[in-house]
Amino acid sequence: MLHGRNYRDPCRINRRAHNLARQRVLAQQVPCAICDRPIDDAIAWSDPMSAEVDEIIPVSCGGSATDLRNLEKMHRCCNQLRSDKSLAWAR
């Protein structure tokens, strides 16, 4: 998506708040939001079963990157499967 010169990415406006919210979600001991299997936090990021944080409502559609109610923890492979689809579709 191309943006004008004055475009400000919502995720980068307050990077500290975004990173803090992401850390809080990753610290939760919850199952994957899509497959409902446990997430092993010891697995390195590049592994498909590693943990990722995704927005329920994408920032591009008006969702918040810092609101904990809009963030969910899931496996990397589940997040890639979901892509830009809804949670219901991915489940």
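**Glu52 and its partner**

I started with Glu52, which is buried at a relative accessible area of 15%. The model is a predicted one, so I kept an eye on confidence as I went. I then looked for the charge that Glu52 pairs with, and found a salt bridge between the side chains of Glu52 and Arg76, 3.3 Å from N to O. Glu52 sits in strand E1 and Arg76 in helix H3 (residues 76-82), so this pair ties together parts that are 24 residues apart in sequence. Arg76 is buried too, with a relative accessible area of 17%.

**The rest of strand E1**

Next I checked how enclosed the strand is. Five of the five residues of E1 (residues 51-55) are buried, so I noted E1 as largely enclosed by the rest of the structure. Then I sorted the directions. Ala51, Val53 and Glu55 point one way, while Glu52 and Asp54 point the other way, and all are buried.

What does E1 pair with? I found strand E2 (residues 71-75), running antiparallel to E1 and joined to it by five bridges. At one position of this pairing, Leu71 in E2 stands opposite Glu55.

**Asp54 and Arg82**

I moved on to Asp54, which is buried with a relative accessible area of 14%. The side chain of Asp54 meets that of Arg82 in a salt bridge, 2.8 Å from N to O. This pair also links distant parts of the chain, with Asp54 in strand E1 and Arg82 in helix H3, 28 residues apart. Is Arg82 buried or exposed? I have Arg82 down as buried, because its relative accessibility is 4% and the cut-off for buried is under 20%.

**Glu55**

Glu55 belongs to strand E1 and counts as buried at 18% relative accessibility. I listed what Glu55 touches beyond four places in sequence: Ser64, Ala65, Asn70, Leu71 and Arg82. So Arg82, the salt-bridge partner of Asp54, is among the contacts of Glu55 as well, and Arg82 counts as buried because of its 4% relative accessibility. I also took a C-alpha distance from Glu55 to Asp67, 12 residues along the chain, and got 9.2 Å.

**Asp41 and Lys73**

How many salt bridges does the whole structure hold? My search found four. One of them joins Asp41 to Lys73, with the closest N and O atoms 2.9 Å apart. Asp41 is in the loop between helix H2 (15-27) and E1, whereas Lys73 is in strand E2, and the two are 32 residues apart. I compared their burial: Asp41 counts as partly exposed at 38% relative accessibility, but Lys73 counts as buried at 3%. A reminder to myself on charge pairs: side chains of opposite charge can pair when their charged atoms come close.

**Ile39 and the nonpolar core**

I then looked up the largest nonpolar core and counted nine residues: Cys32, Ala33, Ile34, Ile39, Ala51, Met74, Cys78, Leu87 and Ala90. Ala51 comes from E1, where it points the way Val53 and Glu55 do. From Ile39 I traced contacts outside its neighbours within four places, and they include Cys32, Ala51 and Met74. Lys73 is also in contact with Ile39, and that is the lysine bridged to Asp41.

**Confidence**

Last, I checked pLDDT. The protein has a mean of 85, and 86% of its residues reach 70 or more. Which element has the lowest mean? That is helix H1 (residues 10-13) at 60, while E2 has the highest at 95.

Note on methods. Residues are numbered from 1 along each chain as its sequence is written. This is a predicted model: local features need pLDDT of at least 70, side-chain atom pairs count only at pLDDT 80 or more; totals for chains, interfaces and linings use all residues. Side-chain values use heavy atoms; hydrogens and water are left out. Buried means under 20% relative accessible area, exposed over 50%, partly exposed in between (1.4 Å probe, protein chains only). Helices (H or I, at least four residues) and strands (E, at least two) are DSSP runs, numbered from the N terminus. Two strands pair if DSSP finds at least two bridges between them. Contact means heavy atoms within 4.5 Å. pLDDT is the predictor's confidence in each residue, from 0 to 100. A nonpolar core is a set of buried Ala, Val, Leu, Ile, Met, Phe, Trp, Tyr and Cys residues joined through side-chain atoms within 4.5 Å.
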